[in-house]
Amino acid sequence: MEQTALMSQREIAQLARVRKPAIMNWRRRHPGFPAPVSGSDEQPLFPADAVLAWLLHTGLGHADPETLRAEQTLHTLTAYARRHGGRRTIAVLSAALCLRHLAGRELPADLLPLARRFDPDGDFLLRELADAPEPGGLTQLVEQLIEGAYDAGHACRLLLSSANRFGWPELAADALTPELVALIRQVADVPGRLRSGRPVTIADGNAGTGDLLTALLDDVEDRARLQFVASVADDGLVRLIRRRLLLAGLDEFQFDVSIDELSEEFADPDLIVTRLPYRPAESRDAAADLDSVEATADLLGAGRTAIIVGPASSLVDELRDGPAVMRRTALLSSGMVEAIVRLPGGVYPARPGYPAAMWVLTRDPVPTVKGRLLLADLSGAAFDHRTVDAAAEDITLWRAEGHRSDGHDPRTGRIVPLASLDLRRGAALRPPGPASVTLRARLAADRPALIGEVERRLSDEEQTFIRYAQEHGELVTGAAQRDGGRPKELSVDALRRARRVRQLAGHRLSPEHIGRRGHHRVLGPAEVLAGSSTRWMDRLTLAAEYPQVALTEPGDLVVTATPRFGVMVDDDGFSVIERPAAGLRIAAGDPLTPRVLAALLGTARNTARSPGAVRGPRLRDATIPDLAADEVARLDDMLRRLAERERLLRRQASLLAELRELAVTGFADGTLTTLYGTNF
């Protein structure tokens, strides 16, 4: 058996999205788990195909079936790539996928007659298929890829994303993170450009694998009015880009991809998206990079836009080379540069030590942009969807409105007059103030009003608390020493056996089925420990994917023992419990109440894990006192009154924290002060 078709226990755990001990448990408890075929007792190796088939059959683990089927296909392709080389494998299979897409049906055993019909001039797939090794097995490989990825287009993306695995790492060397691609796509706003009703031409002078061009199509439904112009200095990549555009649903006449550089002979592109070619640090030339930016800008007609990603050392860092300083100064002084974004580290996953920046240029932007520049520094921000959306909104509104005294105040940067930048000395292009403060900065005129609004709400909450205290009087619990012996203790297991409580099982949930919106809250360990949930599941997804799941009822307890012991009361009910959390439901008529049981479990013995312990605490072993019914009622009343006051005080604490952040941010970025005589 091929070595590439073997998996270790650690690799199986990663694939199934479980921990390694789960694999050892499966081996002990499930006789059908594939036996190791190689390795040692300490590091056994298992046949990958058998493991994947077993996971698909049993449904164990947290990986969804689509991921497992795709992984099964990739293991087969890895063996093929090992025999014929990664570059050749990707070229042949992408050509076969393209032919499958054009034909709209399963491929015949002999591909060449069909390939000649669709590509008589050999511009995008005939050459690869004519030289394909093992042509008789291509049909089966293509169908396996499509089965694991829904359609030929997604199958090609899966194929290209696995280039490292197949032995062609250079293909993904210049790939960008999904977050940066999403930012470029939102700033480009191809759907908005198409709403004008006229054709839109998009160009990339350093197209690589065509990933940026195809990413711009993700939000576009009507693609008939799109034209693409691209160049790349590799004939194999030229043909690969053509295949990707065909797989994206474009017709052959809608694109022109060549090995020549873009020139002014092309029709004015409406949009240029590109990366500057990568150069190692020791041979990086800022002047050459800025020359490339200038050459791209020269291709823009009036009102046309370019989005360029390049090295931070050339685009935003301090420059010491005289020619580079002059070129950057000339570009910025031309009035074409609208926005500059310093990007977080790692936006090139294959080049983690390559800091990057993004420039947005437009020839003849709106007049109110003149003399100003939007500078954003995301290097200290978490580059997630919120940051991406905020930065895209800032750039889009700035490009549309320009400078307005009552306009949008950027959340991820600052609007800076060009005259305030020390351009002729090559100073670094950074927004004034620390990045963390800039990200939270708002218009100076708005901040006092925001603080005033928080102060008003805080005053209202204080008055609400005063009225509550007047209505209910002072908090007097009537605490006194209890006579008699201590109540006997009961474990949760004893309560369950006595049918006083019922244990509710948690369920394995796929992350793809959980989102920020839905009909049923998802309660797992993180939610239990935080006391709230921001994860939801749609009711249709729940019914289709998890028909066995029973929802919680109002008053059920949700408990977790990992990473530490915690308990919460689900007051609203109708939630889904996610493993390893579990639930407890008090039997009808039992004197215990959810509030009391949760409080007692919070102080229960046998819930802490000792350092070095092999096994953590278990819910069944948690021990609580068996209080009499009248004691439970008195404790429940006390907890209710404490919770009401705590809720009112937490509102005040939250407003105080918001007020503090606004004040500190205002003082830190120089947009706020206070008057003498302020009443604190």
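In which sense, and over how many bridges, do β1 and strand β3 pair? In this predicted model, β1 and strand β3, the latter comprising residues 44-47, pair in the antiparallel sense over three bridges, and within β3 it is Leu45 that stands opposite Ser8. The two strands belong to an open sheet of three strands, arranged in the order β1-β3-β2 with antiparallel pairing. The edges of this sheet are formed by β1 (6-8) and β2 (38-39), each of which pairs on one side only.

Two helices pack on the sheet. Helix α1, which spans residues 9-16, touches β1 and β3, and its direction makes about 90 degrees with that of β1. Helix α3, formed by residues 48-58, likewise packs on the sheet and touches β1 and β3, although in this case the angle is given relative to β3, with whose direction that of α3 makes about 70 degrees.

Packing between helices was examined for α1 and α2. Two packed helices are described by the angle between their axes and the distance between the axes. The axes of α1 and helix α2 (residues 20-29) come within 8 Å and cross at roughly 105 degrees; because angles of 65 to 115 degrees count as roughly perpendicular, α1 is roughly perpendicular to α2. On the α1 side, the contact is made by Gln9, Ile12, Ala13 and Ala16, whereas α2 contributes Lys20, Ile23, Met24, Trp26 and Arg27. By residue class, the contact of α1 with α2 divides into six nonpolar residues, one polar residue and two charged residues.

How values were computed: Residues are numbered from 1 along each chain as its sequence is written. This is a predicted model: local features need pLDDT of at least 70, side-chain atom pairs count only at pLDDT 80 or more; totals for chains, interfaces and linings use all residues. Side-chain values use heavy atoms; hydrogens and water are left out. Two strands pair if DSSP finds at least two bridges between them. Helices (H or I, at least four residues) and strands (E, at least two) are DSSP runs, numbered from the N terminus. Contact means heavy atoms within 4.5 Å. Axes are lines fitted to C-alpha atoms, for helices over the stretch in contact, and angles run from 0 to 180 degrees between N-to-C directions. Angles under 35 degrees count as roughly parallel, over 145 as roughly antiparallel, 65 to 115 as roughly perpendicular and the rest as oblique. Ala, Val, Leu, Ile, Met, Phe, Trp, Tyr, Cys and Pro count as nonpolar, Asp, Glu, Lys and Arg as charged, and the others, Gly among them, as polar.
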